[in-house]
Amino acid sequence: MDLGSCYLGGNADAVEFCPHRPFRHVLAAATYTLQEQERDRAGTISLFSVDAASEDASRRLRLLHTVETAGIFDMKWSPKLPLLAQADAHGRLALRRLEQEDGSDTGIVFTDVSAEDISSSMCLYVDWNQTAESLSVGLSDGSLSVVSVREDRLEISEQWTAHQFEVWTCYFDRTRPHLLYSGSDDCCFSCWDLRESPPNIVFQNKKSHKMGVCCIAQNPLEENMLLTGSYDEFLRVWDMRFMAKPVNEKLINLGGGVWRMKYHPSIADIVLAACMHSGFAIVKVGSEDATVMETYCKHESLAYGADWQKSEEVEQNGNSSVVATCSFYDHLLCVWQPENLAEL
């Protein structure tokens, strides 16, 4: 069921619901637009209020605040605080804090906390570790950076050449924080041990993905189950028990390059996938197989950004799940509720 939609001021490529009370209704949506005349990459981050339960359709998706930025490739909320990390086209990593000035939605604003020049290359992806003490950043020159967060200051602690081409994704293992996974346009899926300096490579899989590796996600309850998504249109499921050589247990073709994947906040085997030319898919990834439960094809351009809203209603009843999605060239942001989760 569609709840609301709007057009952003640029190419829409990332959406992230704040997971922290009292801001769980706040959705951040980012853009990246190449300005050819100025030879610059500009962007925005817009904050929206999402209220799926409102009987007033105009209040289900409301714009609260917009900030001008460099072009944004990715952003992530801290697992501990309403603090948003943004990775931008100018090679900078920035932190912005969500604050409520007057106790109402009209008073919700961003406050700049810290920023750091990471590289002369573009920052393509960002991920927090679970203690919120470090960030990993994937760069367009094939490098990875690990950045320490110290009293609102950002300091580069490690930076190394990890891949031959763009690092599209990097992902801290959620239960083994010394492990960092990465995926690149060189078709490699890799893992790094951060206890060494420079980090040691734990494994590098060069053969499984036929095109670039775009995203990685770890099952929230099964720490040894990892997913990868690729331009080759496959979502792959990995058994990580033998870390030196993980096993690709199964795969499913989603009909388009798998750019983003997000596990459901309370149903552990449900994954939301952004599938570029093939819209969005909700996939059930079980122990035996992977099955597409539902697709959403109301976007008319590259499906890039996707996220689930975290809320008390969803924790009590997964059927009330709310999803935000965005697509690139048509600038479209949609908020909707899946129809088929009630069958689970």
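Q: Which residues does the UniProt annotation "domain: Anaphase-promoting complex subunit 4-like WD40" cover?
A: The model here is predicted. The annotation comes from an unreviewed UniProt entry. That record places the domain at residues 75-154.

Q: How much helix and how much strand does the chain have over residues 75-154?
A: The end C-alpha atoms of this stretch are 16 Å apart. Its make-up is 0% helix and 62% strand.

Q: Which residues lie nearest the centre of the largest pocket?
A: This pocket has a volume of about 950 Å³. Its lining counts 36 residues. Strands that give two or more residues to that lining include β2 (12-17), β11 (123-128) and β23 (260-263). Nearest the centre lie Gln130, Tyr171, Arg174, Tyr263 and Lys310.

Q: How many residues of the lining of the largest pocket are nonpolar, polar and charged?
A: The lining residues fall into three groups. Their counts are 16 nonpolar, 8 polar and 12 charged.

Q: Which strands are the edge strands of the open sheet with the order β23-β24-β25-β26?
A: This sheet has 4 strands, with antiparallel pairing. From one strand to the next, the twist averages 25°. An edge strand pairs on one side only. That fits β23 and β26 (290-296).

Q: What is the bridge partner of tyrosine 263 in β24?
A: Tyr263 is among the residues nearest the centre of the largest pocket. β23 and β24 (residues 270-274) run antiparallel and are joined by 4 bridges. In β24, tyrosine 263 has as its bridge partner valine 271.

Note on methods. Residues are numbered from 1 along each chain as its sequence is written. This is a predicted model: local features need pLDDT of at least 70, side-chain atom pairs count only at pLDDT 80 or more; totals for chains, interfaces and linings use all residues. Side-chain values use heavy atoms; hydrogens and water are left out. UniProt positions are given in the numbering used here, feature names are shortened, and annotations may be inferred rather than shown by experiment. On a 1 Å grid over the protein atoms alone, a cavity is a set of points where a 1.4 Å probe fits but cannot get out, and a pocket is an open set with protein on both sides within 12 Å along at least five of seven lines; lining residues have an atom within 4 Å of a point. Grid points are joined across faces, edges and corners, and a volume is the space filled by probe spheres set on the points. Ala, Val, Leu, Ile, Met, Phe, Trp, Tyr, Cys and Pro count as nonpolar, Asp, Glu, Lys and Arg as charged, and the others, Gly among them, as polar. Two strands pair if DSSP finds at least two bridges between them. Axes are lines fitted to C-alpha atoms, for helices over the stretch in contact, and angles run from 0 to 180 degrees between N-to-C directions.
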